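Please open the structure in a viewer and keep the sequence panel visible. The tour below proceeds by selections, each followed by a description of what is found there.

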Amino acid sequence: MKGMTPFPLTIIHLGQPLPASRHRTGRGHGYHLPAYTAYKTALAWAMRQAVGPRHVPDRGPWGVTLMFYRNRRDDCDGDNLEKGVLDAGAKVIWSNDRYVKRCQWEVGYDKAHPRVEIRVEMLPDAPGRPPDAPRTCRGHFYREKGDPP
């Protein structure tokens, strides 16, 4: 089964989790803060490395569990932390973050080792997927039993 990604999958990304920045405009162009853009890009690369180069983004449905460990005890809004992870996974694990149908998150404190722990699973009620299909993903097309390869 070369090239297939087994789910559930756990990804640990080291570094301070950053909340999504507000979309800003300047001189007629929209942008996010450079630190947030770099964080989201690094998350996307960590996800790509975990799923492998042959993974084709799927429509799911997906379930995601997130644990954010920050190095300071500030009042950080967890749903803004979640947004960065879901946006980073778009076009890498899922084809669009609207296919993440279940998401749970917690925010904790770890001064020495700030990080994000991401657990991704494919939910069992995927439309069009046979109930006995393996919990692996190569794309969004699944053959029925007896179909030619």
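Select Gly89, which has its place in helix H2. The model on display is a predicted one. Is Gly89 buried or exposed? With a relative accessibility of 0%, Gly89 counts as buried. Leaving aside neighbours within four places in sequence, the contacts of Gly89 are Met47 and Trp94. Now add Trp45 to the selection: this residue is 44 residues from Gly89 along the chain, and the two C-alpha atoms are separated by 9.3 Å.

**Helix H2**

Extend the selection to the whole of H2, residues 78–89. The helix has 12 residues, which should span 16 Å at 1.5 Å a residue; the C-alpha atoms at its ends are 17 Å apart, in agreement with that expectation. Colour the buried residues of H2, namely Gly78, Leu81, Glu82, Gly84, Val85, Leu86, Ala88 and Gly89. Which elements do these buried residues pack against? They pack against H1, E5, strand E6 (100–109) and E7. Just after the helix, select Lys91, where phi is positive, at about 70°.

**The whole protein**

Clear the selection and view the full chain. The secondary structure amounts to 2 helices and 8 strands. Read from the N terminus, the order of the elements is β-β-β-β-α-β-α-β-β-β. Of the 149 residues, 40% count as buried. Among contacts with a separation of 6 or more, 78% are between residues 24 or more positions apart.

**The nonpolar core**

In soluble globular proteins, nonpolar side chains tend to be buried together. To see the largest nonpolar core here, which has 29 residues, begin with Met47, Trp62, Val85, Ile93, Trp94 and Ile118, the members with the most contacts inside it. At least two residues of this core are supplied by each of strand E2 (9–14), helix H1 (34–51), strand E5 (62–70), helix H2 (78–89) and strand E7 (115–122). Which element provides the largest share? That element is H1, with 7 residues.

Centre the view on Ile118. Apart from its neighbours within four places in sequence, Ile118 is in contact with Leu9, Thr10, Ile11, Leu43, Met47, Val64, Thr65, Leu66 and Val85.

**Aromatic rings**

Next, display the side chains of Phe7 and Trp62, both of which are buried. The structure holds 2 aromatic pairs. Phe7 and Trp62 form one that is edge-to-face, with 5.0 Å from centre to centre and 65° between the planes. Phe7 lies in the loop between strand E1 (5–6) and E2, while Trp62 belongs to strand E5, so the pair ties together parts that are 55 residues apart in sequence. Add Trp94 to the view: ring pairs link Phe7, Trp62 and Trp94 into a cluster.

Two further rings have an arginine over them. Select Tyr109 together with Arg73, which lies over the face of the ring at 3.8 Å from its centre. Then select Tyr69 and Arg115: the charged end of Arg115 sits over the ring of Tyr69, 4.0 Å from the ring centre.

**His13 in strand E2**

Move to His13, found in strand E2. Its relative accessibility is 13%, and His13 therefore counts as buried, the cut-off being under 20%. Leaving aside neighbours within four places in sequence, His13 is in contact with Tyr39, Ala42, Leu43, Ala46, Arg115 and Val116.

**The loop between H1 and E5**

Finally, select His55, which is found in the loop between H1 and E5. His55 is buried, with a relative accessible area of 3%. What does the side chain of His55 reach at 3.1 Å? The partner is the backbone oxygen of Ile93.

Asp58 is likewise found in the loop between H1 and E5. At 2% relative accessibility, Asp58 counts as buried. To conclude the tour, select Tyr99 as well: Asp58 and Tyr99 are 41 residues apart in sequence, and their C-alpha atoms are 8.5 Å apart in space.

Note on methods: Residues numbered from 1 in each chain as written. Predicted model: local features only at pLDDT ≥ 70, side-chain atom pairs only at ≥ 80, totals over all residues. Heavy atoms only, no water. Core = buried A, V, L, I, M, F, W, Y, C linked by side-chain atoms within 4.5 Å. Buried < 20%, exposed > 50% of the residue type's maximum accessible area, 1.4 Å probe, protein only. Helix = DSSP H or I, 4+ residues; strand = E, 2+ residues; numbered from the N terminus. Contact = heavy atoms within 4.5 Å. Polar contact = N/O pair within 3.5 Å; in protein donor to acceptor, adjacent residues only side chain to side chain. Phe/Tyr/Trp six-rings, centres within 6.5 Å; stacked < 30°, edge-to-face > 60°. Lys NZ or Arg CZ within 6 Å of the ring centre and 35° of its normal. Expected span 1.5 Å × (residues − 1).
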